[in-house]
Amino acid sequence: KSFEKLEFVALAHCRGLEDDALARVASTVCPNLVSLDVSACELVTDRGVVAVAEARRGALTQLNLQRCARVTDRGVRALAALCPALELLCLGHCPALTDDAVRAVAAGCAGLKWFDVLECGQLGDEAGLALAACRRLETLVLAGNPGLTDRTLAAIANTLHDLVSLNLSFCHQLSGPVLARLTASCPHLRELTLAGCAALADDDLLASTAARPFNVSVGANAAAGAPHLNPTNAFDFPVAIPFAIADVSALDAPSLDAPPCAADPPPSIAPTVDAPLALDEPPSVVVADAPTALAATSPPALAASLPDDWRDDPPPPTAG
């Protein structure tokens, strides 16, 4: 059976999903697919990714492959070559990926707006420098990649001026002067997450906020699964405290092999809607605990695209 009108499919945590079934979904079951979430589908490999890319060549705009540990550079290279219209790509917790995968994405997907390589582990500055080509990026998640240095930060500052959210948690080699240059060069930046960046001192963070006022969120009470780690959201804690900087060197780095927190909702993707930036809202620097900082940046939630009454029971039939 074919679902010709179905464009957005979420199969997250379907741990029995294999490559052949995924290929059928993309080619015959959902021939007009534009957004696909197969995060934490442990049996998906490069073969499945290549099949999706070939079936939805030029049409796919969003793909979530978080925690698909069998996906390698080969699959990502094919994806980037065949799907240049991608705007959202999540590759977090894919430990086999290297700088080559990021270079392929940067070369093939110039319109990318959301890119996540959380805790890929093998990434270094060659990946960071390649991302300078993605000038439309608005959300970038580089957390948990300790091989990244100031060279990556400088490249971001030079070219990615549309950034709204940047997560650099546990990138241990970043320095204060380049961070200040970044914040001065990205006028739309509203969320900067730096948990576990042990080389940064209070003075570095204060200097980086000198040009514009920042709110700083401190503590381990940030809500698990918060959509953007934004202290202006309706959370009980933390409260936004201007210029209250935590000692990030006291935070313990997380284990890169740690399982996901049970309280975290599975990530999902949906069509993004461009909204005007509220310039009267101050940006925020988030210095949070390790699990929160590495788990909280998730793609836009699928439920956000559903009508308000989608959970209501249908009305009873009227008497004829």
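In which loop does E119 lie? I began my notes there, working on a predicted model, and found E119 in the loop between β5 (114–116) and α5. Its backbone caught my attention, since E119 has a positive phi of about 50 degrees although it is not a glycine. I then looked up its exposure and noted that E119 is buried, with a relative accessible area of 9%.

**Entry: a second positive phi.** I looked up H13 as well, which is not a glycine and yet has a positive phi of about 65 degrees. H13 sits in the loop between β1 (8–10) and α1, and with a relative accessibility of 31% I recorded H13 as partly exposed.

**Entry: the chain as a whole.** I counted nine helices and eleven strands in the secondary structure of the chain. Of its 320 residues, 49% are buried, and the accessible surface of the chain comes to about 14400 Å², with 56% of that area belonging to carbon and sulfur atoms. For contacts between residues at least 6 apart in sequence, I noted that 84% join residues at least 24 apart.

**Entry: confidence.** I wrote down an average pLDDT of 76 for the chain, with 66% of the residues scoring at least 70. Two stretches need a caution in my notes: pLDDT stays under 50 over residues 270–285, for which the model has 40 contacts beyond four places in sequence, and pLDDT also stays under 50 over residues 301–316, for which the model has seven such contacts. Where pLDDT is low, the predicted coordinates should not be read in detail, and I therefore leave the contacts there uninterpreted.

**Entry: helix α1.** I looked up which residues of α1 are buried and found D19, L22, V25 and A26. They lie on the same side of α1, because they cover an arc of only 125 degrees around the axis. The buried residues of α1 pack against β2 (35–37) and α2.

**Entry: V50 in α2.** Turning to α2 (residues 46–55), I picked out V50, which has its place in this helix and is buried, with a relative accessible area of 15%. Setting aside residues up to four places away in sequence, V50 touches R74, G75 and A78. I also noted the separation of V50 and L79, which are 29 residues apart in sequence and 6.4 Å apart in space, C-alpha to C-alpha.

**Entry: the largest nonpolar core.** L79 came up again when I looked at the largest nonpolar core, which has 68 residues, and in which L79, L86, L89, F115, L140 and L166 touch the most other members. The elements that give two or more residues to this core are α1 (19–29), α2, α3 (73–82), α4 (99–108), α5 (125–130), α6 (150–159) and α7 (176–185). The largest share, five residues, comes from α4. I followed up L166 and found that, leaving aside its neighbours within four places in sequence, L166 is in contact with L140, I156, L182, L189, E191, L192 and T193.

**Entry: cysteines.** How many disulfides does a search of the whole structure find? I obtained zero. C68 is in no disulfide, and the nearest cysteine sulfur, that of C41, is 5.7 Å away; at 0% relative accessibility, C68 counts as buried. C120 is likewise in no disulfide, the nearest cysteine sulfur being that of C94, 5.8 Å away, and at 2% relative accessibility C120 counts as buried.

Notes: Residues are numbered from 1 along each chain as its sequence is written. This is a predicted model: local features need pLDDT of at least 70, side-chain atom pairs count only at pLDDT 80 or more; totals for chains, interfaces and linings use all residues. Side-chain values use heavy atoms; hydrogens and water are left out. A disulfide is a pair of cysteine sulfur atoms within 2.5 Å. Buried means under 20% relative accessible area, exposed over 50%, partly exposed in between (1.4 Å probe, protein chains only). Helices (H or I, at least four residues) and strands (E, at least two) are DSSP runs, numbered from the N terminus. Contact means heavy atoms within 4.5 Å. Accessible areas come from the Shrake-Rupley method with a 1.4 Å probe; for residues, only the protein chains shown count as cover. A nonpolar core is a set of buried Ala, Val, Leu, Ile, Met, Phe, Trp, Tyr and Cys residues joined through side-chain atoms within 4.5 Å. pLDDT is the predictor's confidence in each residue, from 0 to 100. The arc is that of the directions from the helix axis to the C-beta atoms.
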